[in-house]
Amino acid sequence: MNKKKLKFAVIGCGRVSNNHLKALTSGKIDGELAAICDVDGKKAKAKSEEFKVPYYLDYHDMMKKHQEIDVVDIATPTGYHARHVIDVARYGKHIIVEKPMALRVSDCDAMMKACADGRCRLFVVKQNRFNPAVVSARQALDSGRFGKMVMGTVRVRWKRVQSYYEQDDWHGTWELDGGVMSQQASHHLDLLQWFMGPIESMQCISATRLLDIEVEDTSLATFKFKSGALGAYEATVASRPEDLEGSLSLLGEKGTVIIGGHAVNKILYWKFQDEQPGDMHMLSESSQEVPNVYGHGHSPYIANVIDAIVNSKPALVEAPEGRKNIEILTALYESAALGGHKVHPGCTVVKSLLGQKPA
Ligand SMILES: NC(=O)c1ccc[n+]([C@@H]2O[C@H](COP(=O)([O-])OP(=O)(O)OC[C@H]3O[C@@H](n4cnc5c(N)ncnc54)[C@H](O)[C@@H]3O)[C@@H](O)[C@H]2O)c1
């Protein structure tokens, strides 16, 4: 018997939407695309023709017309996520929102309240958690193979050029985007806390070295985790002449894993005191080639959301995990605005401009 597939609508037909649209039209997951929306008619029409679904310029029109929709997948500029999630939650449909969840913790809270009021679930995209290399490392962590954690490190060295920031009016702005920390490295900061656990304190400095943008193109941070372990973060979009890496290193008393590649997609080092038969194949079997820094994770991510909805169970990344990421990001921006002062997650942000229009 054919299983009923959940029906999806996608709002926002820009760069990342392809990963959603391809996953939803692949026939490989229990979800299918019913409609799409973008305020830019050209983009909406082009995707409508490519993916053979009706398009809308206003998501209210789409929601009224397509009552059959089960899940709305939002891939609009970050600074609009809160408004769009809160609006859509009124229709009582489950929602996926792209990362980062929002730019302010208060917005995350408002989004979660709107979804609770609308009796719908809110999921936040963190597709890198589904990379086979990351899944294998997480299994090693959960089965205690690292022992006591010593240090976790993430590094993002990507190339973005001026034209990337000039093709729309939101990238590189305080109000709608933030810099490398919130736009590119939010994934890696998510992985760092997911593996290393709650953060006690952090210190961050940032700079704008090569790009003519309001926000930072380069930043560094150190972390002290509640476990006592330490963490380090380094990110830039001013890597030249090309993208170099998006990586995660996990060092424990009984073993070390280094995952590299452009998109945390290749196991570069995997060694534990308690050797296991699968270890020797880990480098080849858990590594993937990726076409770009978005990787292949959107399809398994959406499949996990569908499984969670259909079987009424938790998904790997729901709103509270997305909110944790924003607590960390806003604290890092606060520390950087204060010249590298020590801050704590959930600190009251007074100096950071993230999510605000500069005066
Ligand atoms: N998971 C990932 O790896 C990944 C990669 C890239 C971007 N993202 C995130 O996805 C989001 C979108 O990024 P992008 O690079 O695709 O941006 P983009 O600018 O290419 O696309 C955003 C689209 O949203 C549309 N839009 C704006 N307001 C709208 C509205 N009210 N109704 C309908 N459509 C509207 C715009 O016209 C645009 O086409 C951002 O939050 C970004 O951080 C995630």
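**Close-up views of a predicted model**

**View 1. The six-stranded open sheet.** In this predicted model, an open sheet of 6 strands runs in the order 3-2-1-4-5-6 with parallel pairing (strands are DSSP runs of E of at least two residues, helices DSSP runs of H or I of at least four, both numbered from the N terminus; two strands pair if DSSP finds at least two bridges between them). Strand 3 (55-56) and strand 6 (122-124) stand at the edges with a single partner strand each, so one side of each has no neighbour in the sheet. Residues are numbered from 1 along each chain as its sequence is written. Local features need pLDDT of at least 70 and side-chain atom pairs count only at pLDDT 80 or more, whereas totals for chains, interfaces and linings use all residues.

**View 2. Strands 1 and 4.** Strand 1 (residues 6-11) pairs with strand 4 (residues 71-74) in the parallel sense over 4 bridges, and Val10 stands opposite Asp73 in strand 4.

**View 3. The surroundings of the ligand.** Among the 25 residues around the ligand (C-beta atom, placed from the backbone, within 6 Å of it), Gly12, Gly14, Arg15, Val16 and Glu98 come nearest.

**View 4. The seven-stranded open sheet.** Here 7 strands form an open sheet of mixed pairing, in the order 8-9-10-7-11-12-13. Its edge strands, strand 8 (199-207) and strand 13 (266-272), each pair on one side only.

**View 5. Strands 8 and 9.** Strand 8 and strand 9 (residues 218-225) pair in the antiparallel sense over 8 bridges, with Ser206 standing opposite Ser219 in strand 9.
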